[in-house]
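Please open the structure in the viewer and keep the selection panel at hand. The tour proceeds from the ligand outwards.

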Amino acid sequence: MPAAERTVQISGSTVIVRPTAEAASQVAADAIAEIIHAAVNERGKAVLGLATGATPEVVYAKLVAKHEAGGLSFQKVVTYNLDEYYPIQPLDPRSYRAYMHRLLFSRVDLPANQAHLLDGTVPEAFAPEHAAQFDRWIEADGGLDLQLLGIGRNGHIGFNEPSDASVADFAAAPTRLVELHPVTKGDAVREFGAHENVISHALTMGVKSILSARAVVMLATGPRKAAIVAQALRGPVASTVPASLLQTIAERVVWILDEPAAAELGA
Ligand code: F6R
């Protein structure tokens with residue numbers, strides 16, 4: 001029997017549940033299109049923070065479909081991606097730059113100099129400078145109208161991995177070079193084929209820029225995310241569960257889940 005569609009409030013955030021990942025992705029794509037239209041109308045541009053990984057693939061297909069149907073232009077959209085492996089060549093098919101080009105940038109009318117990703121080829125000594133520059137670009141663009149997020153099985157957002165920092169310090173974390181958590185590396189075997197091929201580091205947008213977004217859409221699908229979704233939404237705010245920090249900006253966050261990902265919420 002298909003589960004009921006529902007919208008509930010948990011820890012101050014709106015949580016939208018749909019029976020399937022496809023239906024949840026449609027809700028996310030509709031929300032993104034709406035934010036683009038509203039921001040372009042109000043400010044002349046829309047600044048989006050984008051995610052990669054398996055979860056948003058269908059969302060990008062739906063945004064492309066809206067564009068092809070004539071209902072959505074990206075001419076006045078500016079994008080900042082959450083993260084990129086380090087080091088990695090931009091044309092490496094496993095790079096997030098290649099992913100974005102494949103799934104979205106090459107399929108819509110987004111001007112090339114309005115789509116920004118962290119650069120996996122920057123010399124390591126200059127990575128801090130490059131990361132700081134990325135945060136300055138976001139700020140100069142007036143901040144993010146929307147941040148699209150996925151969640152790692154360890155609760156990471158972007159590649160802000162579980163940390164023993166205080167919540168205050170973690171909430172202020174800037175964009176930076178990080179080492180991936182063992183759980184993240186294990187899950188990346190899917191993309192990299194074998195454990196020894198997984199790239200162990202990444203550049204990630206910091207928690208500070210993520211939490212400063214005027215709206216956050218968190219999309220999580222599938223049973224593998226059920227436990228961490230419940231922990232992030234219902235558990236205490238703790239740097240050991242990075243997504244729990246979204247509770248500190250709860251009124252700006254919408255969680256969009258399929259039924260399997262919502263299974264442990266008890267709602
Ligand atoms: C990707 C990102 C990550 C993913 C998360 C979930 O840009 O920032 O936080 O959103 O690892 O990945 P999937 O969707 O592959 O389960």
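Select Gly 158 together with the ligand: in this predicted model, a backbone N or O atom of Gly 158 lies 2.8 Å from an oxygen atom of the ligand. The ligand, taken alone, exposes 410 Å², and the protein buries 92% of that area.

Next, add two side chains. Thr 55 places a polar side-chain atom 2.3 Å from a ligand oxygen atom. Asp 83 likewise has a polar side-chain atom 2.6 Å from an oxygen atom of the ligand.

Now extend the selection to the residues around the ligand, which number 14. Thr 52, Thr 55, Asp 83, His 156 and Lys 225 are the closest of them. Coloured by class, this shell shows seven polar, four nonpolar and three charged residues.

Then display the pocket surface. Where does the ligand sit? The ligand occupies the largest pocket, whose volume is about 480 Å³. This pocket is lined by 27 residues, and those closest to its centre are Gly 53, Ile 151, His 156, Arg 190 and Lys 225. His 156 and Lys 225 should already be selected, as both are among the closest residues to the ligand.

Colour the lining by class as well: it comprises 10 nonpolar, 10 polar and seven charged residues.

Finally, select strand E5 (83-86) and helix H6 (182-192), each of which supplies at least two residues of the lining of the largest pocket. Which element gives the most to this lining? Helix H6 does, with six residues.

Note on methods
Residues numbered from 1 in each chain as written. Predicted model: local features only at pLDDT ≥ 70, side-chain atom pairs only at ≥ 80, totals over all residues. Heavy atoms only, no water. Near = heavy atom within 4 Å. Polar contact = N/O pair within 3.5 Å; in protein donor to acceptor, adjacent residues only side chain to side chain. Areas by Shrake-Rupley, 256 points an atom, 1.4 Å probe, with all protein chains shown as cover. 1 Å grid on protein atoms, 1.4 Å probe; cavity = no way out; pocket = protein on both sides within 12 Å on 5 of 7 lines; lining within 4 Å. Sits in = over half its atoms within 2 Å of the grid points. Nonpolar A, V, L, I, M, F, W, Y, C, P; charged D, E, K, R; others polar. Points joined across faces, edges and corners; volume = space filled by probe spheres on them. Helix = DSSP H or I, 4+ residues; strand = E, 2+ residues; numbered from the N terminus.
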